[in-house]
Amino acid sequence: MSAREWLDKDFYAELGVSPDASQEEIKKAYRKLARENHPDANPGNAQAEAKFKAISEAYGVLSDPEKRRQYDEARRLFGSGGFSGTGGFGGFGGPGAGGFDIGDLFGQTGAGGLGDLFGNLFGNRRGAGTANRPRRGADVETEVRIDFTEAVRGATVPLRLSSPATCGTCRGSGAKPGTRTHICPTCAGAGLVTRNQGAFAFSEPCPDCRGRGQIIDTPCPECRGEGVSTRSRTLTVRIPPGVDDGQRIRLAGQGEPGRNGAAAGDLYVVVHVSPHKVFGRSGDDLTLTVPVTFPELALGTRVTVPTLDGKVTLRVAPGTSNGRTFRVRGEGVRKKDGSRGDLLVTLQVAVPSKLDGKAARALEEYAKATADQDPRRELNEMLGR
């Protein structure tokens, strides 16, 4: 891809977000579009596959703060239309033209990506040949859903992915097995060609070898000379105990393959936890609300409550207040150090929606017997009533 083609891309439009969108908005838009256009969800749909690749490329730039900053700066300087047709760049002069060396502006970032792109584009002093240097693969993000118990105890789950990977046939060389490549005669193996236009010298990826520096006479039939192909694979992901909803797990080297022998990117798995019908969670503690009757709190009782591993019995003393929380040690979420949080059991009085005659008369007698025990007495005194 030439520098002009790269700069003319509108990554914000690809994801459907505005240029001032937050990182969270960018991530949300990418996840939505990735689910809609994923090859697994659209088998045989070339248009969806192309869209999936386009949004992945856009997310690879906009999700990285440094790459996004450089991309924004380039579009601000040159405009989304890229190059002008007069050999200049929207009013900027070259070295010695009364302006400043734009090649140096980008060539000295030391961050790769746009810095190298524009450094090569303007033919700066760092030299040719960086177009075909090794480049680390992009990071990839996917999602997995597990149930509440798996999140608390930990689990090992299979994860099926359809993503770019090093071609298994040519092992990333791009050439058909048994054939060889040779040095590109156009660029002499540099991967770049230079052309002069007025006061500028432009270096762009060689059109014959596409920046590789090598000519592939017989392309690999699987990847068509790219060295990378989209394939499905199944990974086994270990979910650690105590994982939170929305937490990301990093799998080093499981992202997109690197170029020209560089390391692969990482795979980030976003974990979504389905809620439990009975238990809740507060940090490393589990929570549980247990219904009880008024007589049980007033007279005292023993209550058997469930845990994730079995049952425990709580002793409720006479006169226990409604909403009282009991702490059961060691029945919560397993922590990184091997210890466990607690189970917090809250007692909640269950008020019957209807009483039969006998129960109603008994309750009326109770009300008469405790008429002098007004629970709102102190409140009324404070209000002067």
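How far is the sulfur of Cys167 from the closest cysteine sulfur, and in which residue does that sulfur lie? In this predicted model, the closest cysteine sulfur to that of Cys167 belongs to Cys170, at 3.7 Å, which is too far for a bond. A disulfide requires a pair of cysteine sulfur atoms within 2.5 Å, and the structure as a whole holds zero disulfides. Cys220 is likewise in no disulfide, its nearest cysteine sulfur being that of Cys167, 3.7 Å away. Cys167 counts as buried because its relative accessibility is 1%. Cys220 is also buried, with a relative accessible area of 1%.

The strand arrangement was examined next. An open sheet is formed by four strands, arranged in the order E10-E11-E15-E14 with mixed pairing. Its edges are occupied by strand E10 (280–282) and strand E14 (325–328). Each of these edge strands has a single partner strand, so one side of each is left without a neighbour in the sheet. On average, and with direction ignored, neighbouring strands of this sheet are turned by 30° against each other.

Strands of a sheet pair through backbone hydrogen bonds, in either a parallel or an antiparallel manner. At the E14 edge, the pairing with strand E15 (residues 343–349) is antiparallel and comprises four bridges. Within this pairing, Arg327 has Leu344 of E15 as its bridge partner.

Conventions:
Residues numbered from 1 in each chain as written. Predicted model: local features only at pLDDT ≥ 70, side-chain atom pairs only at ≥ 80, totals over all residues. Heavy atoms only, no water. Buried < 20%, exposed > 50% of the residue type's maximum accessible area, 1.4 Å probe, protein only. Pairing = 2+ DSSP bridges. Helix = DSSP H or I, 4+ residues; strand = E, 2+ residues; numbered from the N terminus. Axes fitted to C-alpha atoms, helices over the stretch in contact; angles between N-to-C directions.
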